[in-house]
Amino acid sequence: MNDATEIRDAGEMSDPIIKFDKVVKRFGDHVVLDELDFEVQRGEKVTIIGPSGSGKSTVLRILMTLEPINDGVVYVGGQPLWHQWRGDELIPAGEPHLREMRSHMGMVFQQFNLFPHMTVLRNLTEAPVQVLGINKAEAKKRGMELLEMVGLADQASKYPHQLSGGQQQRVGIARALAMRPKVMLFDEPTSALDPELVGEVLNVIRSLADEHDLTMLLVTHEMHFARQVSDRICFFDQGRIKEQGKPEDIFTAPKEERTKAFLKAVLDPDD
Amino acid sequence: MFFGIEWDTSSQWAFAVSIFPILLHGLVITLEATVVGFFIALALGLVLAALKSAPTRFIRWPAKLLTEFIRDTPLLIQLFFLFYVLPEFGLTLPAFLTGALALGVQYSAYTSEVYRGGLEAVASGQREAARALNLAPARTFTHIILPQAIPRIIPALGNYLVSIMKDVPVLGVVTVLEMLGVARIIGDRTGGYLIPLTMVGGIYLILTIIASLGVRYLDTHLPKRGLSLK
């Protein structure tokens, strides 16, 4: 370990758990993230809102290492995510580093993405057994506890297609939690659900929000819910944070015209 | 007389009954060529599919080109190449093996596309979920992707098995004595083609129907719990 490493390690506890430093993400000519600066503190619950195409989901997908970045640096827990140190130089990260970094994050997908050929319980035990090396009995016990938590213990031996969308998404949340992530990423978790099933999923997320240590990053169109559970709201527009602040400030007294227009459109769609 | 079996030309019915065991001798060859050709197609197709999804285009492109070449040229040309050209380079294979190999090579172009299509049909979200859970790439392939791809792949492969069986008569041109060839020889020697050829057609029809039922059975009984295959 050289000096630079020690200084970085020493600073880790007070550092934000997530830090985007002038991150650029492009899809072809389209700039999705435009030199984005963005920080999340340990245990913080942050909701990202904004029009579609504003780069909200991309932020989560970059953190989950599903989408590489074109420029800038992303830090998770003080460590660069898409880079690794060689001496004092940042070089593109190799798979072992990405694998290590990925273990800090859990993701809940809009389309659930449960493994359809596995039972609900097997969905929850596959990765803990294969990746974390937990023995099967222990993984099942822990899986059942998580199913208990999301209210689906009685569905453990069913296959995903036998469940409602809301139930599937609750399994999706439990599956991500089974890997004991420090950061939970929710990518529009209720957008694919019938309206009457949204509540049960939000209730599970709400109960997670009470966990002090868990950092949560949520992309959603459920504004009332975002207001209840978030410590901070970030309004994304054209690949940048246009405005951010406490939920009550953003929702009741937005400063930016873009924010006002967006909130008006989503909160009073009938006007 | 053929295969040591005499035919009885006293009546048409007696003729048909007497040549049936002779045709069955040919049928055995037909089925053997089908099975051997099919297994070559399965294995070679897998290799082609892997090459066609290789990370570098220097492997991908030649593999795609080869697939295209195989698909766009008649089976007969490939058969002639294997049978007449390879010996010029000192490699002489028995006629049966040459024929089965030609069938296998021809159909590997199709099976490779079946594999590729089956794998690509698995939703990208499955790979993303596996990655998010940090499952190793090999584990993801064997336990997440393959189990979802196989129920799509097997029925399609079954259809090619039937196609191979119907292409076996082509091997007659390189002296493989399969069922249709046997029927033709019976016709040559007795002067009556109608009955042997009709019987071969009938046997093919029955085999194809059985095979189709088999494919349909597989389609409904494969382990695809939870998979919707639309």
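Are A:Phe235 and A:Phe262 buried or exposed? In this model, which is predicted, both A:Phe235 and A:Phe262 turn out to be buried, and these two residues offer a convenient place to begin reading the structure. Their rings form an aromatic pair of the tilted kind, with 5.2 Å from centre to centre and an angle of 45° between the planes. The pair links distant parts of the chain, since A:Phe235 belongs to strand 11 (residues 232-237) of chain A while A:Phe262 belongs to helix 10 (residues 257-267) of chain A, and the two positions lie 27 residues apart.

Another pair, in chain B, can be set beside this one. The ring centres of B:Phe83 and B:Tyr84 are 5.0 Å apart and their planes stand at 85°, so this pair is edge-to-face. B:Phe83 has a relative accessible area of 21%, and because buried means under 20%, B:Phe83 counts as partly exposed. B:Tyr84, with a relative accessibility of 44%, is partly exposed as well.

A search of the whole structure finds ten aromatic pairs over all chains, and in chain A one aromatic cluster is formed by A:Phe20, A:Phe38 and A:Phe236. Aromatic rings also meet charged groups in both chains. In chain A, A:Arg175 lies over the face of A:Phe115, at 4.6 Å from the ring centre, and in chain B the charged end of B:Arg57 sits over the ring of B:Trp61, at 5.6 Å from its centre.

Turning to the strands of chain A, the reader will find an open sheet made of four strands in the order 2-1-4-5, with antiparallel pairing. Strand 2 (30-40) and strand 5 (79-80) of chain A stand at the edges of this sheet, and each has a single partner strand, so one side of each is left without a neighbour in the sheet. At one of these edges, strand 5 of chain A is joined by two bridges to strand 4 (residues 71-76) of chain A, the two running antiparallel, and here A:Tyr75 stands opposite A:Pro80 of strand 5. Helix 2 (residues 56-63) of chain A lies across strand 1 (18-27), strand 2 and strand 4 of chain A, and its direction makes an angle of about 110° with strand 1 of chain A.

Two single residues, one from each chain, show how local surroundings can be followed. A:Arg227 lies in helix 8 (residues 223-229) of chain A and, at 39% relative accessibility, counts as partly exposed. Not counting residues up to four places away in sequence, A:Arg227 touches A:Pro247, A:Glu248, A:Phe251 and A:Thr252. In chain B, B:Gln106 has its place in helix 4 (residues 95-120) and is buried, with a relative accessible area of 7%. If neighbours within four places in sequence are left aside, B:Gln106 is in contact with B:Ile70, B:Thr73, B:Pro74, B:Leu75 and B:Gln78.

Finally, the two chains can be considered together. Where they meet, 19 residues of chain B are in contact with 28 residues of chain A, and the chains bury about 2,100 Å² between them, of which 56% is on carbon and sulfur atoms. On the side of chain B, the residues that lose the most area to chain A are B:Arg131, B:Leu133 and B:Asn134, which together account for 33% of what that side buries.

Technical notes: Residues are numbered from 1 along each chain as its sequence is written. Chains are lettered from A and ligands numbered from 1 in the order in which they are written. This is a predicted model: local features need pLDDT of at least 70, side-chain atom pairs count only at pLDDT 80 or more; totals for chains, interfaces and linings use all residues. Side-chain values use heavy atoms; hydrogens and water are left out. Rings of Phe, Tyr and Trp (its six-membered ring) pair if their centres lie within 6.5 Å; planes under 30 degrees apart count as stacked, over 60 as edge-to-face and the rest as tilted. Buried means under 20% relative accessible area, exposed over 50%, partly exposed in between (1.4 Å probe, protein chains only). A charge sits over a ring if NZ of Lys or CZ of Arg is within 6 Å of the ring centre and within 35 degrees of the ring normal. Two strands pair if DSSP finds at least two bridges between them. Contact means heavy atoms within 4.5 Å. Axes are lines fitted to C-alpha atoms, for helices over the stretch in contact, and angles run from 0 to 180 degrees between N-to-C directions. Buried area is the accessible area (1.4 Å probe) that two parts lose on being put together, summed over both.
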